[in-house]
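Hello,

Here is the structure I promised to pass on. Please open it first, then read my notes below.

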Amino acid sequence: MGYRITLDRGVLRAELFARETVEETKTFFQAIVSASKQSPCPCILISVRSSKPIFQLERHGLIEYFRKLAVTSSQRIALVGDSRDLRLSHEYVEFIARQHGLIVRTFPDETAAYQWFRDPRQGQERRARQERRTQQAPRTQQERRAGQERRAGPRRKPR
């Protein structure tokens with residue numbers, strides 16, 4: 001396992017190579033958290049290559065590292081993987097991180113990630129949509145059933 005953490009165009013760039021175990025992943029994330037404390041950046045790019053995917057983020061306590069990164073400096077964390085399995089794993093990480101209120105996104109390549117970092121609207125738009133959803137009154141079970149009945153109601157015969 002090897003990793004490199006650098007500062008690139010105002011982005012903390014963390015590259016991980018040939019990771020095999022969860023312990024190696026924890027070591028990598030500890031290094032990212034330490035680097036983010038030394039040079040706070042609003043964005044972090046995590047690029048993973050030639051590594052095994054990890055799907056049990058919460059069980060292994062890896063979500064805590066994402067929380068630490070969000071608290072120390074990063075407003076946006078982008079994940080890039082070089083294989084289909086890594087991208088699927090990163091999509092799962094994104095899903096779990098969003099449930100925890102973190103701004104994490106998966107990208108097919110670094111160019112797309114850097115474009116997301118430069119777009120100031122992304123985080124604000126999502127936050128506004130989420131706030132609108134939480135302000136809407138939750139529908140009762142009876143209201144949900146009525147909506148389903150309307151959709152499943154009898155269809156008219158075409159003329």
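**What I found**

Ser47 is buried, with a relative accessible area of 2%. Note that this comes from a predicted model. Ser47 sits in strand β3. Leaving aside residues up to four places away in sequence, Ser47 touches Ala14, Glu15, Leu16, Val80 and Glu110. The strand around Ser47 follows the same trend: 6 of the 7 residues of β3 are buried, so β3 is largely enclosed by the rest of the structure.

**The chain as a whole**

The protein chain has 6 helices and 5 strands. Starting at the N terminus, the order of elements is β-β-α-β-α-β-α-β-α-α-α. The chain holds 159 residues, and 38% of them count as buried. Its accessible surface is about 10500 Å². Carbon and sulfur atoms account for 47% of that surface. Take the contacts between residues at least 6 apart in sequence: 71% of them join residues at least 24 apart.

**The sheet**

How are the strands arranged? The 5 strands make an open sheet, ordered β1-β2-β3-β4-β5, with mixed pairing. The edges are β1 (2-8) and β5 (104-107). Each has a single partner strand, so one side of each lacks a neighbour in the sheet. On average, neighbouring strands are turned by 20° against each other, direction ignored.

Now the β2 and β3 pair. Strand β2 covers residues 11-17 and β3 covers residues 43-49. They run parallel, joined by 7 bridges. Val11 stands opposite Cys43 in β3. As a reminder, strands of a sheet pair through backbone hydrogen bonds, either parallel or antiparallel.

Helix α2 (residues 63-72) packs on this sheet. The helix touches β3, β4 (76-81) and β5. The direction of α2 makes about 135° with that of β4.

**The helix pair**

Helix α2 also packs with α1 (residues 22-38). What is the angle between them, and how far apart are their axes? The angle is about 5°, and the axes are 9 Å apart. Angles under 35 degrees count as roughly parallel, and α1 and α2 are therefore roughly parallel to each other.

Here are the residues that meet:

- From α1: Lys26, Phe29, Gln30, Ile32, Val33, Ser36 and Lys37.
- From α2: Tyr65, Phe66, Lys68, Leu69 and Thr72.

By class, this contact has 6 nonpolar, 3 polar and 3 charged residues.

**One residue to look at in α1**

Val33 has its place in helix α1. Is Val33 buried or exposed? Val33 is buried, at a relative accessible area of 8%; the cut-off for buried is under 20%. Not counting residues up to four places away in sequence, Val33 touches Tyr65, Lys68 and Leu69. These three belong to the α2 side of the helix contact. Val33 and Arg67 are 34 residues apart in sequence, with their C-alpha atoms 9.8 Å apart in space.

**In short**

The sheet is open and mixed. Helix α2 packs on the sheet and also packs with α1. Ser47 in β3 and Val33 in α1 are good places to begin looking.

Best regards

Key
Residues numbered from 1 in each chain as written. Predicted model: local features only at pLDDT ≥ 70, side-chain atom pairs only at ≥ 80, totals over all residues. Heavy atoms only, no water. Helix = DSSP H or I, 4+ residues; strand = E, 2+ residues; numbered from the N terminus. Buried < 20%, exposed > 50% of the residue type's maximum accessible area, 1.4 Å probe, protein only. Contact = heavy atoms within 4.5 Å. Areas by Shrake-Rupley, 256 points an atom, 1.4 Å probe, with all protein chains shown as cover. Pairing = 2+ DSSP bridges. Axes fitted to C-alpha atoms, helices over the stretch in contact; angles between N-to-C directions. Parallel < 35°, antiparallel > 145°, perpendicular 65-115°, else oblique. Nonpolar A, V, L, I, M, F, W, Y, C, P; charged D, E, K, R; others polar.
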